[in-house]
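Visitor: Please take one part of this model and look at it closely, then follow its surroundings outward. I would like a single connected account.

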Amino acid sequence: MVNLIKTPSDFFTVLLIGITTGSVYALIALGYTLVYGILQLINFAHGDVFALTGLVSSAFLVSLFGLDETSSVLAILAGLLATLVIVVAFGALLNATIEFVAYRRLRQAPRLAVLITAVGMSFIVQNVSLAIFGVNFRSIPPLISEGNVFKIGDVSYQWNQMFAVLATVPILILLTWLVQSTRHGKAMRATSQDTDAAAIMGVNVNRTISFTFLLAGGLAGVGGLLYLIEFNIRYDTGFELGLIAFTAAVLGGIGNLSGAVLGALLIGLIQAFNEGLSWLAPGSDWTRSIVFGILIAILVFRPEGLLGERTPEGA
């Protein structure tokens with residue numbers, strides 16, 4: 001409030017940055033919450049799948065399609081659309097493969113074994129990214145216009161920032177419709193409630209779980225491309241962003257799609273305010289401590305999250 005009164009233009013500029021960052025976090029958090037909602041599994045490799053799809057996007061956009069700021073609008077749109085289709089398919093296939101190879105045989109195993117496997121898969125995907133793309137950050141030329149969507153006084157919002165927000169809203173709507181109103185969604189909800197009962201009622205559990213991992217991997221692909229458009233990325237980017245997105249999913253109520261987006265936006269705003277405001281803001285050195293402090297506080301005081309429902313253990 002003090003920053004809002006003293007420097008309103010800086011406050012609203014940072015607010016818009018937080019919304020953009022939170023929108024990217026939301027795409028990763030939705031992947032976490034989809035998988036957890038159906039398997040009660042924290043897929044730690046999800047963040048690394050996100051980073052790998054971002055690196056693959058950079059290879060296609062720069063090396064294969066040769067796009068830069070001098071390319072025609074039609075070429076840029078075609079290149080972005082083709083890259084989006086490729087990385088969504090790649091992320092979906094990679095995530096489903098991880099489920100088939102690493103998680104499927106461990107469904108009845110103790111949770112500690114599954115947790116260790118998830119951490120192991122995270123390091124495997126991360127090191128594959130390192131071996132293929134090296135240690136350097138990858139970025140792309142400014143393909144999306146940096147012109148202003150709007151400008152009010154000293155506060156402006158650019159199209160390349162708006163791009164992530166424009167993607168997140170329809171994705172949330174489509175996912176909500178899919179889960180609530182389609183046969184696949186009903187199968188996902190039935191499998192989430194009781195795997196054995198769902199199988200008895202004719203639900204193909206393996207196919208349903210694979211479909212969920214495909215969805216989550218596709219979301220990681222979208223997030224990787226959108227992140228690359230705004231920032232640079234390298235092999236270990238997904239590890240930290242994955243943990244932040246997981247915190248966002250827990251904050252909103254893991255297993256709740258709207259909660260994942262709400263939590264991601266809140267985390268994005270907290271990070272932006274912490275790093276961008278001038279009056280009594282701790283600064284970027286404290287971002288991780290603040291974010292993971294929020295995670296601990298939520299787990300201790302409200303483990304169901306902001307939009308989650310408190311249920312008996314195992315319900």
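Guide: The expected span of a helix is 1.5 Å times one less than its number of residues. In this predicted model, that rule can be applied to helix α5, residues 111-133, whose 23 residues should span 33 Å and whose end C-alpha atoms are indeed 33 Å apart, so the expected and computed spans agree. The same check on α9, the part chosen for the close look, gives an expected 38 Å for its 26 residues, and the end C-alpha atoms of α9 are 38 Å apart, again in agreement.

Helix α9 runs over residues 205-230. At its N-terminal end Asn204 acts as a cap, with a side-chain oxygen placed 3.4 Å from the backbone nitrogen of Asn206. Of the 26 residues of α9, 21 are buried, so the helix is largely enclosed by the rest of the structure.

Within α9, Leu225 offers a way into that enclosure. Its relative accessibility is 4%, and because buried means under 20% relative accessible area, Leu225 counts as buried. Leaving out residues up to four places away in sequence, Leu225 touches Ser57, Leu61, Leu80, Thr83 and Leu84. For a sense of distance in another direction, the C-alpha atoms of Leu225 and Gly276, which are 51 residues apart along the chain, are separated by 24 Å.

One of the residues touched by Leu225 is Leu80, which belongs to helix α4, residues 73-103. Leu80 is buried as well, with a relative accessible area of 7%. Beyond its neighbours within four places in sequence, Leu80 is in contact with Leu61, Leu143, Ile144, Leu225 and Ile229, so that Leu61 appears in the contact lists of both Leu225 and Leu80. Leu80 and Leu143 stand 63 residues apart in sequence, while their C-alpha atoms are 8.9 Å apart in space.

Helix α9 also takes part in the lining of the second largest pocket, which holds about 450 Å³ of space. Of the 21 residues that line this pocket, the closest to its centre are Leu84, Val88, Ile171, Gly218 and Val222, and the elements that each give two or more residues to the lining are α4, α6 and α9. The largest share, 8 residues, comes from α9. In character the lining divides into 20 nonpolar residues, 1 polar residue and no charged residue.

The count of cavities of 30 Å³ or more comes to 1, and the largest cavity has a volume of about 30 Å³. The residues lining the largest cavity are Thr20, Asn160, Gln161, Phe163, Ala164, Leu226, Ile229 and Glu230, and the elements that give two or more residues to this lining are α6, residues 159-181, and α9. Here the largest share, 4 residues, comes from α6. The lining divides into 4 nonpolar, 3 polar and 1 charged. Two of the names in this lining lead to other parts of the account: Ile229 lines the largest cavity and is in contact with Leu80, while Ala164 lines the largest cavity and is touched by Ser23.

Ser23 is found in helix α2, where it is buried with a relative accessible area of 3%. Apart from residues up to four places away in sequence, Ser23 touches Ala164, Val165, Thr168 and Leu265. Further along, helix α2, residues 8-39, also contains Thr33, which counts as buried at 1% relative accessibility. A polar atom of the Thr33 side chain lies 3.3 Å from the backbone nitrogen of Asn256. Setting aside neighbours within four places in sequence, Thr33 is in contact with Gly253, Ile254, Gly255, Asn256, Leu257 and Ala260.

To return to helix α5, its buried residues are Val114, Ala118, Met121, Ser122, Val125, Gln126, Ser129 and Phe133. What covers these buried residues includes α3, α4 and α10; of these, α4 is the helix that holds Leu80. Just after α5, Gly134 takes a positive phi of about 80 degrees.

Conventions
Residues numbered from 1 in each chain as written. Predicted model: local features only at pLDDT ≥ 70, side-chain atom pairs only at ≥ 80, totals over all residues. Heavy atoms only, no water. Buried < 20%, exposed > 50% of the residue type's maximum accessible area, 1.4 Å probe, protein only. Contact = heavy atoms within 4.5 Å. 1 Å grid on protein atoms, 1.4 Å probe; cavity = no way out; pocket = protein on both sides within 12 Å on 5 of 7 lines; lining within 4 Å. Points joined across faces, edges and corners; volume = space filled by probe spheres on them. Nonpolar A, V, L, I, M, F, W, Y, C, P; charged D, E, K, R; others polar. Polar contact = N/O pair within 3.5 Å; in protein donor to acceptor, adjacent residues only side chain to side chain.
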